[in-house]
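This report looks at how open spaces and packed interiors are built up in a protein model. Please keep the sequence and the structure side by side while reading.

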Amino acid sequence: MSSWKDYIRKVVPYTPGEQPKTDGIIKLNTNENPYPPSPLVGLKMKEMSDSGLRKYPDATSEKLIRRLADYHNVGYDQVFAGVGSDDVLGMIFMTFFNSDKKVLFPDISYSFYPVWAELLNIPYEQIPLDSDYRINEKDYNIPNGGIVIANPNAPTGILLEKDKIINIIENNQDSIVVIDEAYIDFAPEGSSCLDLIDKYENVIVVRTFSKSRSLAGLRVGYAISRPENIKYINDVKYSYNSYTLNTCSIEVGSVSIDDEAYFRNTVNKIVSTREAYTERLKELGFNVLPSSTNFVFASHKSVKAIEIFNYLKSKNIFVRYFNVPKIDNFLRITIGTDEEMEKLCNALTEIL
């Protein structure tokens, strides 16, 4: 007779970036924002009463969703909020990818996509990037059960031009097309695909507060789409876990939207640092892919990435190394403060 162990669902889980527990670390490995969130966030947290924690949070996250809807000038019924964009994307996979056709996404992209597909028994195909690590939109003009494009892509950091996104959408009207815009706030103005939801009923755009709004520890993500698509996602959410966002996430996430000046200033500082230290890395012999994110993806012309990774770690500087074919000689380096990036470059000169 079969053992109960024969029926365990076995998957290879997503591997998050290392979270060191010691002090004195320069942490450039998980694309967190090096600056604190808006001062309004701290004020709101001080105002919050612990008495409210004995009650369940608002299952609809109405306060946060209305703030997001107003901010993006869309209807309240066009926004879905979840526990980071990971939760939002997971709900989308469960909701829309239920055919026997393969879901398409790049072979080098957010490594959670194949994990969700494996977990949920969703057939999928990973479409190779071209020799320049770019997405070729024509490769997606094949029969499929859905498409997921991270734009800008991660870990490459490269932005796919909007007209190419439109090409993918127009050639796949029978499939849901998900645009994961986790890093879009660091891209040039006008790069977002949010405006496309008015023209195409099959488009879902996903965003997060973890990067540009300095709230990775709070876990707030959201999707914007047509009302009927949001209803489908909510139906799955309420069948899985009614209370996803906690009270603190709803309240603090809502107020963080109000400080637009702080948000823009922080983003601009990161972009400025990214551009300056991209040039520094090139001077040190790195090939740096063009980035529209809060990180750079770089490969040195003579020293192996794993050697640099291990050396930096010995100096308490953490960057991200992917032991994956095609990119195993690259390092993904989160953009820190100017001081942190200077220390990184000083350490690099010791090994290069």
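In this predicted model, the residues that line the second largest pocket divide into 13 nonpolar, eight polar and nine charged. This pocket has a volume of about 610 Å³, and of the 30 residues in its lining, Ile184, Asp185, Glu189, Arg207 and Arg264 lie nearest its centre. Two or more lining residues come from each of helix 2 (62-72), strand 7 (203-208) and helix 8 (260-283), and helix 8 gives the most, with six residues.

The largest pocket holds about 1200 Å³ of space. Its lining is made of 48 residues, and those closest to its centre are Tyr14, Thr15, Tyr110, Ser111 and Arg320. The elements that give two or more residues to this lining are helix 3 (84-96), strand 3 (103-106), helix 4 (112-119), strand 4 (124-127) and strand 12 (320-321), with the largest share, four residues, coming from helix 4. By type, the lining of the largest pocket divides into 26 nonpolar, 12 polar and 10 charged residues.

The table sets out the two pockets side by side.

| Pocket | Volume | Lining | Largest contributor |
|---|---|---|---|
| Largest pocket | about 1200 Å³ | 48 residues | helix 4, four residues |
| Second largest pocket | about 610 Å³ | 30 residues | helix 8, six residues |

We now turn from the pockets to the nonpolar cores. The largest nonpolar core has 46 residues, and those with the most contacts inside it are Leu64, Val79, Tyr140, Ile149, Ile165 and Phe209. Several elements give two or more residues to this core, among them helix 2, strand 2 (79-82), strand 5 (146-150), helix 5 (162-170) and strand 7, and helix 2 gives the most, with four residues. For Phe209, if neighbours within four places in sequence are left aside, the contacts include Leu64, Leu68, Leu215, Val220, Tyr222 and Ile257. A second, separate core has 33 residues, including Tyr35, Ile308, Leu344 and Cys345.

One residue of helix 8 deserves a separate look, namely Thr266. Is Thr266 buried or exposed? Thr266 counts as buried, because its relative accessibility is 2%, and buried means under 20%. When residues up to four places away in sequence are not counted, Thr266 touches Asn33 and Tyr35, and Tyr35 is one of the residues of the second core.

Key:
Residues are numbered from 1 along each chain as its sequence is written. This is a predicted model: local features need pLDDT of at least 70, side-chain atom pairs count only at pLDDT 80 or more; totals for chains, interfaces and linings use all residues. Side-chain values use heavy atoms; hydrogens and water are left out. On a 1 Å grid over the protein atoms alone, a cavity is a set of points where a 1.4 Å probe fits but cannot get out, and a pocket is an open set with protein on both sides within 12 Å along at least five of seven lines; lining residues have an atom within 4 Å of a point. Grid points are joined across faces, edges and corners, and a volume is the space filled by probe spheres set on the points. Ala, Val, Leu, Ile, Met, Phe, Trp, Tyr, Cys and Pro count as nonpolar, Asp, Glu, Lys and Arg as charged, and the others, Gly among them, as polar. A nonpolar core is a set of buried Ala, Val, Leu, Ile, Met, Phe, Trp, Tyr and Cys residues joined through side-chain atoms within 4.5 Å. Buried means under 20% relative accessible area, exposed over 50%, partly exposed in between (1.4 Å probe, protein chains only). Contact means heavy atoms within 4.5 Å.
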